[in-house]
Amino acid sequence: MEKILVLDFGGQYNQLIARRVRDNGVYAEILPYTVSLETIKKKNYKGIIFTGGPNSVFEMSSPHYTKKILEIGVPVLGICYGCQLVAWMAGGTVETPVTGEYGKIELTAEKSVLFKDIPEKSIVWMSHTDRIAKLPKGFEVIASTEDCPCAAMQDSEKNIFAVQFHPEVTHSEYGKAVLHNFLYEICQCSGDWQMDNFIEATVRKLKEQIGSKNVILGLSGGVDSSVAAALLSKAVGRQLTCVFVDQGLMRKDEGDFVEQTFTSLFDMNFVRVNCAAQFLEKLKGITDPEQKRKIIGTEFFNVFWNEIRKQQDKGYFAQGTIYPDCIESGKGDADVIKTHHNRVNLPEDVEFLGVIEPLADLFKDEVRSVGEKLGIPKELVWRQPFPGPGLGVRIIGEITAEKISILQEADWVLRDEMAKNGYEKNLSQFFCVLPGVKTVGVMGDHRTYENLVAIRAVTTDDFMTADWARIPFDILAKVSNRITNEVKGVNRVVYDITSKPPGTVEWE
Ligand code: XMP
């Protein structure tokens, strides 16, 4: 398989660069700048991309790399900090001008293979303070902006290119084309990273690795574990056992839907552990959010591992870990690896032949694409994020069976109404919350004293920040009307108009 190396110097768009390369049909992997040149040479990359980063090349503490990397005969593309680094390494100079360039800027491109089929004038996304002052020997300017005389440069003999702008962000009008040109015109890639190939190769690899042994997977009904289950099922069929813990805190009918999907569409052993009563017992009287989360998490793993202990002939343990969970940070400390909240620690008394992570090379959008190709229903493949503690963090105060039921019904109405109006695609996440507040109302001629339900809906790119969604009033009116009419025990509905920050997406 053809591979591109994204050499990580700590920039915020590093994963995006790798995703964009893969969108162009070429596999890209991210390694921190601390990786040795020997390792890089051994991996036979078709090209190397230096990422951006928050530093100045002048500072001794900034991430640098041996300039020998420019001599190994592999094409290089430097982006932003990576662009300045190429200049610095190759013997040019970098300066800090009075003003930097931030946001959308007009670029004037000259004739270069990197800008093939791109108009002379186009908009690019800039975010830099430093800039190239003097070109290194052998380089020529191939683009400029009003404030940046060298916005891109090349050494066409050595196939080394550098752009001050960010081709990986969508604000750069022809960014995708720039990356495409680098991959296909300069690195001579053929584009063999396709999800059909991935499925075929992974199934073959899983068959070889697992042989006649068994494999156990914890299935949550989320996208990653569902796609891992489908891949493993395709590879080894009934040698796969999926353990699905239903703690009673999922959305209405969700447990049944997951069971039905995997037992009817895929060949496997499916074990559903229903333990709602056990969870409710543990949560009795608990109101503190952190304590609730802790109890739900601990109890989940107790139930899960107890079920695993019962399984004879365990064989391998599989997990739905995906690529972003595995990437080492390039922020300067090579020992620090991102905390893998999706990777499970195995208890000491449970032994397996090994751990299998069939999705460890994939980004989320690739996981979804594989899921669709394997025939997983759209509702599961495009499922919104759902917190591990489930509805437990959407019921404020003590969790009871009655409150779970009210919340499930209200949430179902909201989802049904969004689907009927085709409004789901405009939202990143939406759900109902039961704030644990009762209010006075009037129904018919009677005074009521019932529950308040809150609707939460957000739009976001990354869930680190989020805006409350501007759902049209007539849809909100319909939802409110239906919830108060159809859900027993609710007489008032409010809409949460808080962004993140200062709020969080979930209420607890
Ligand atoms: P917050 O509430 O932190 O949520 O703004 C950001 C995103 O994370 C989801 N979330 C969780 N996901 N386990 C998870 O797997 C959790 O404990 C958890 N808490 C929040 C939340 O739904 C939103 O998508």
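Visitor: How far does a backbone N or O atom of Gly 388 lie from a nitrogen atom of the ligand?

Guide: That distance is 3.1 Å, which falls under the polar contact definition used here, a pair of N or O atoms within 3.5 Å. This is a predicted model, in which local features need pLDDT of at least 70 and side-chain atom pairs count only at pLDDT 80 or more, while totals for chains, interfaces and linings use all residues. Residues are numbered from 1 along each chain as its sequence is written, and side-chain values use heavy atoms, with hydrogens and water left out.

Visitor: And which side chains have an N or O atom 2.5 Å or 2.7 Å from an oxygen atom of the ligand?

Guide: The side chain of Arg 293 has an N or O atom 2.5 Å from a ligand oxygen, and for the side chain of Lys 500 the corresponding distance is 2.7 Å.

Visitor: How much of the ligand does the protein bury?

Guide: Taken alone, the ligand exposes 490 Å², and the protein buries 71% of that, with accessible areas taken from the Shrake-Rupley method with a 1.4 Å probe.

Visitor: What surrounds the ligand, by class?

Guide: The shell has five nonpolar, three polar and three charged residues, where Ala, Val, Leu, Ile, Met, Phe, Trp, Tyr, Cys and Pro count as nonpolar, Asp, Glu, Lys and Arg as charged, and the others, Gly among them, as polar. Residues around the ligand, meaning those with a heavy atom within 4 Å of it, include Pro 385, Pro 387, Phe 463 and Thr 504.

Visitor: Back to Lys 500: is its peptide bond to Pro 501 cis or trans?

Guide: The bond from Lys 500 to Pro 501 is cis, with omega near -10°, and the bond from Pro 501 to Pro 502 is also cis, with omega near 10°. Pro 501 lies in the segment after strand E21 (490-495), strands being DSSP runs of at least two residues and helices (H or I) runs of at least four, numbered from the N terminus.

Visitor: New topic: at what angle do H5 and H10 pack?

Guide: Helix H5 (residues 195-210) and helix H10 (residues 364-373) pack at about 75°, with their axes 10 Å apart, and they are therefore roughly perpendicular, a term covering 65 to 115 degrees. Axes are lines fitted to C-alpha atoms over the stretch in contact, and angles run from 0 to 180 degrees between N-to-C directions.

Conventions: Parallel < 35°, antiparallel > 145°, perpendicular 65-115°, else oblique. Polar contact = N/O pair within 3.5 Å; in protein donor to acceptor, adjacent residues only side chain to side chain.
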